[in-house]
Structure formats: structure tokens, C-alpha cells
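Please open the structure in your viewer and keep the selection panel at hand. The tour below proceeds by selection, one stop at a time.

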Amino acid sequence: MQSRHIRDVVAPMRIVSNYLDEIAWSRYLQLWEGIGPVASAKIIGKVINEKNLDDCLFSLMEMNLQKEIADTLVQISNLQFDPANAITEALSVMFGRLKQIYKDEWEWRKDDFPILSEVAKKTGSISEFVSEYILDPQLDLYAKEGGKVDDCVILSTIHSAKGLEADNVFIVNASSKSYPTPKAVLNGEDAIEEERRCLYVALTRAKNKLRIFRDMHSIHIANSDEQFYFLNELPLELFDPKDISAHSYMRNNAMLQSTIVQNDIYSDFDLN
């Protein structure tokens with residue numbers, strides 16, 4: 001999700017999701033020929049003062065800009081609850097400009113767009129797609145600061161964490177009802193394995209220390225899907241049983257019962 005061409009296509013999706021998103025506006029507008037930082041700032045100053053997205057797009061159409069700039073956003077805005085087709089429509093308008101920008105790299109870059117559309121099919125709206133797969137505070141922070149920022153906490157979804165690494169990684173709500181979700185269990189093995197792969201991505205972002213947290217309520221509430229819980233099969237050599245707060249996750253591993261600490265704390269696994 002962090003490749004330039006992917007973020008270019010997603011920028012108008014972010015605008016339609018939240019027309020006050022100045023970062024998305026800046027990226028999108030500067031894709032078009034003849035629009036630089038100064039021109040884009042002037043355009044942004046006008047459109048974000050409108051009352052809603054429709055007024056914002058109307059204001060944009062009244063400006064003396066390339067027709068494709070407003071057309072892309074209008075096409076997407078009509079597909080608020082169909083993000084996969086919204087991406088297809090955006091590409092149909094932006095295709096020529098993107099091909100011009102990336103030139104010799106176009107052949108391999110364009111192959112990523114069908115994958116992006118497939119990912120979008122898993123969400124029910126543009127806003128959900130942006131929230132789940134796109135928002136990455138680290139990248140926006142880097143853009144604002146112009147370089148690496150030290151001594152900070154970065155919040156990210158699992159999907160947007162792909163390709164990133166950090167010395168210390170904290171995964172929250174790794175509960176039985178979240179990994180996998182009831183929806184994935186209902187949809188069968190392929191959906192369950194897809195969520196397992198997503199969790200694997202998150203687990204492998206840590207360079208030095210990985211700490212996993214769960215919702216304590218999930219320990220005490222019976223859950224028919226708990227048999228599918230991914231951490232049930234966590235290899236013993238990867239963790240110290242003394243670092244586990246409760247034994248419910250490992251109840252199938254009888255050999256651990258005498259060594260697991262019964263402290264009712266929130267942190268469960270500390271994988272060094």
C-alpha cells in the first residue's frame with residue numbers, strides 16, 4: 001500500500017472519504033501537470049471551506065483546471081459503497097496521466113492495480129477501505145517532518161504495516177474473537193487463512209521485541225469460534241510461559257498448566 005503509484009490512486013479515494021484531508025488533496029492535485037505546491041495550496045484553501053463534499057466538487061468544477069481532476073472525484077463519489085469499482089473508475093480517468101508519470105516503470109506498476117481492487121472488495125464502503133488499508137500515520141508524519149522521526153509512537157492497522165519494521169511492536173486486541181473474526185469463520189477456510197496471513201505480517205514487523213495484548217473479557221466469555229484462535233498453536237519455543245497472564249489460550253497444551261502464571265494482567269505474550 002505504500003508504493004507511490006498505489007498511493008496516487010488512493011489519494012482521490014481519501015478525498016471522497018474526507019474532503020477535509022489536506023494531505024490527500026495535496027498529493028492528488030500535484031499529480032496533474034502544471035499544478036505544484038503553491039497552486040495546490042490555493043485550490044485546497046478554497047475547496048475545504050465548502051460545507052460538504054458535493055459543494056466541494058462543484059467548486060472544483062468551476063475552477064479553470066483539467067477536466068479529469070474533477071471527473072475522477074465525481075466518479076468515485078457516486079460509488080461510496082462500492083470501493084472496488086470506485087478504484088476502477090478512478091483508474092479509467094487517471095490512466096493516461098499515471099502512465100505518463102511512471103513511463104518506463106509503468107508495465108510492472110500497472111499490475112498492482114487489479115490487486116488493489118481485489119483488496120477493496122473486502123470492504124463495504126470507501127471510508128471503510130481507507131480506514132482499514134490505507135491510513136498510515138507514519139508516512140504522513142514523515143512527509144510533514146521531511147525525514148525520520150525518532151522517539152515516537154506510531155499507530156497503524158495491520159494492513160498498512162506491511163513492509164515496515166520497528167524495534168518494538170505492540171499488537172492490541174489479539175483476542176479469540178478477533179483472530180480470526182466470526183465473519184472469517186463463517187466464510188470458511190480460505191477467509192480464515194487470509195486473516196492468519198494478516199496476523200503473520202503484524203507479528204513479523206518487530207526487529208527486537210514483540211508484545212501481544214488481548215481483551216481480558218475474551219478469556220472469561222465462552223466463544224464457539226475459540227477453537228480457531230490462531231495463537232492456540234503458538235510453538236512453545238517462541239515464548240516463556242511465565243510471561244502469559246492466563247492459561248486459557250494454552251489449555252490444549254497440558255504440559256504448560258503447571259508453569260503458567262495466573263496473574264490477571266492485560267499483557268499476554270512477550271516474544272523476544
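**First stop: a pair of helices**

In this predicted model, select Pro-83, Ala-84, Ile-87, Thr-88, Leu-91 and Leu-98 in helix 6, which meet Phe-113, Leu-116, Ser-117 and Ala-120 in helix 8. Of the residues in this contact between helix 6 and helix 8, eight are nonpolar, two are polar and none is charged.

Next, select the whole of helix 6, residues 83-102, together with helix 8, residues 113-120. At what angle do helix 6 and helix 8 pack? The angle is about 160 degrees, and the axes of the two helices lie 8 Å apart. Angles over 145 degrees count as roughly antiparallel, and helix 6 and helix 8 are therefore roughly antiparallel to each other. Their crossing is right-handed.

**Second stop: Lys-103**

Now select Lys-103, in the loop between helix 6 and helix 7 (106-109). Lys-103 is not a glycine, yet its phi is positive, at about 45 degrees. Is Lys-103 buried or exposed? With a relative accessible area of 62%, Lys-103 is exposed, since the cut-off for exposed is over 50%.

**Third stop: Asn-173**

Finally, select strand 1 (166-171) and helix 11 (182-187), and then look in the loop between them for Asn-173. Here too a residue that is not a glycine has a positive phi: the value for Asn-173 is about 55 degrees. The relative accessibility of Asn-173 is 31%, so this residue counts as partly exposed.

Key:
Residues numbered from 1 in each chain as written. Predicted model: local features only at pLDDT ≥ 70, side-chain atom pairs only at ≥ 80, totals over all residues. Heavy atoms only, no water. Axes fitted to C-alpha atoms, helices over the stretch in contact; angles between N-to-C directions. Helix = DSSP H or I, 4+ residues; strand = E, 2+ residues; numbered from the N terminus. Parallel < 35°, antiparallel > 145°, perpendicular 65-115°, else oblique. Left-handed = near helix turned anticlockwise from the far one by under 90°. Contact = heavy atoms within 4.5 Å. Nonpolar A, V, L, I, M, F, W, Y, C, P; charged D, E, K, R; others polar. Buried < 20%, exposed > 50% of the residue type's maximum accessible area, 1.4 Å probe, protein only.
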